[in-house]
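Q: Here is a model I'd like to understand better. Could you zoom in on one part of it and talk me through what surrounds that part?

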Amino acid sequence: MCNVTESTYERIKQLCQKKGITVSRLAIELGLSKSTFSWIKNYPERRISAGVAQKIADYFGTTVDYILTGVKIDNSAKVTEDDLKIALFDGDKEVTDEMWQEVKSFAEMVAIKHKYLKEKNDES
């Protein structure tokens with residue numbers, strides 16, 4: 001669960017205005033009930049689920065931190081290929097190009113699988 005500050009609803013409303021939509025339209029687009037946003041507005045001391053906060057943040061291309069607190073936290077630390085190789089291969093082994101390509105192919109297959117499952121789930 002995530003804490004909701006008094007200004008969470010106003011922040012969501014401002015993001016909607018910038019995007020040219022209403023809060024009601026946002027609810028529809030996210031598959032949430034309109035009462036969810038009424039609840040956020042009328043009961044700011046309560047908590048909303050992390051899932052709802054994440055859906056809103058994803059929609060606006062921002063973070064949950066920003067939605068709930070108004071604070072923008074830069075989580076954009078860049079991970080290099082070398083960082084990944086160290087993490088995946090214990091850092092003390094030589095990683096050949098063939099090994100690295102196999103890892104990337106596997107990651108691509110996993111991404112395709114999850115995209116397919118999400119699309120299949122969205123259809124039902």
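A: **One helix and its neighbours**

Let's start with Gln17, which is exposed at a relative accessible area of 53%. (Exposed means over 50% relative accessible area, buried under 20%, and partly exposed in between, using a 1.4 Å probe and protein chains only.) A word on ground rules: this is a predicted model, in which local features need pLDDT of at least 70 and side-chain atom pairs count only at pLDDT 80 or more, while totals for chains, interfaces and linings use all residues. Residues are numbered from 1 along each chain as its sequence is written, and side-chain values use heavy atoms, with hydrogens and water left out.

Gln17 lies in helix H1, the part to look at here. Helices are DSSP runs of H or I with at least four residues, strands are runs of E with at least two, and both are numbered from the N terminus. H1 covers residues 8-19, and its 12 residues should span 16 Å at 1.5 Å a residue; the end C-alpha atoms are 17 Å apart, which agrees. That expected span is 1.5 Å times one less than the number of residues. After H1 comes Gly20, with a positive phi near 80°.

Now, which residues of H1 are buried? They are Thr8, Tyr9, Arg11, Ile12, Leu15 and Cys16. Viewed down the axis of H1, these buried residues fall within an arc of 165°, so they line one face of the helix. (The arc is taken over the directions from the helix axis to the C-beta atoms.) Gln17 shares the face turned away from that buried side with Lys18, which is also exposed. To give a feel for distance, the C-alpha atoms of Gln17 and Lys78 are separated by 32 Å, with their positions 61 residues apart along the chain.

What does the buried side of H1 pack against? Its partners are helix H2 (23-30), helix H3 (34-42), helix H4 (50-60) and helix H5 (64-69). Contact here means heavy atoms within 4.5 Å.

Take H3 as one of these partners. The axes of H1 and H3 come within 7 Å and cross at roughly 130°, which makes H1 oblique to H3. Axes are lines fitted to C-alpha atoms, for helices over the stretch in contact, and angles run from 0 to 180 degrees between N-to-C directions. Angles under 35 degrees count as roughly parallel, over 145 as roughly antiparallel, 65 to 115 as roughly perpendicular, and the rest as oblique. On the H1 side, Thr8, Tyr9 and Ile12 make the contact; on the H3 side, Phe37, Ile40 and Lys41 do.

H3 has its own buried set: Thr36, Phe37 and Ile40. Down the axis of H3 these fall within an arc of 90°, so they line one face. Covering them are H1, H2, strand S2 (47-48) and H4, among others. Phe37 is worth a click: leaving aside neighbours within four places in sequence, Phe37 is in contact with Tyr9, Ile12, Val23, Leu26, Ala27, Leu32 and Ile56.

Phe37 and Ile12 also turn up in the largest nonpolar core, which has 22 residues; the ones with the most contacts inside it are Ile12, Cys16, Leu26, Phe37, Ile56 and Ile67. H1, H2, H3, H4 and H5 each supply at least two residues of this core, and H4 gives the most, with five. (A nonpolar core is a set of buried Ala, Val, Leu, Ile, Met, Phe, Trp, Tyr and Cys residues joined through side-chain atoms within 4.5 Å.)

In H4, the buried residues are Val52, Ala53, Ile56, Ala57 and Phe60. They cover an arc of only 130° around the axis, which puts them on the same side of H4. Elsewhere in H4 sits Gly51, partly exposed at 42% relative accessibility. H4 is followed by Gly61, whose phi is positive, near 65°.

One last stop brings us back to H1. Gly70 sits in the loop between H5 and H6 and is partly exposed, with a relative accessible area of 31%. Neighbours within four places in sequence aside, Gly70 is in contact with Arg11 and Asp65, and Arg11 is one of the buried residues of H1. Gly70 is also 8.3 Å from Ser7, C-alpha to C-alpha, though the two are 63 residues apart in sequence.
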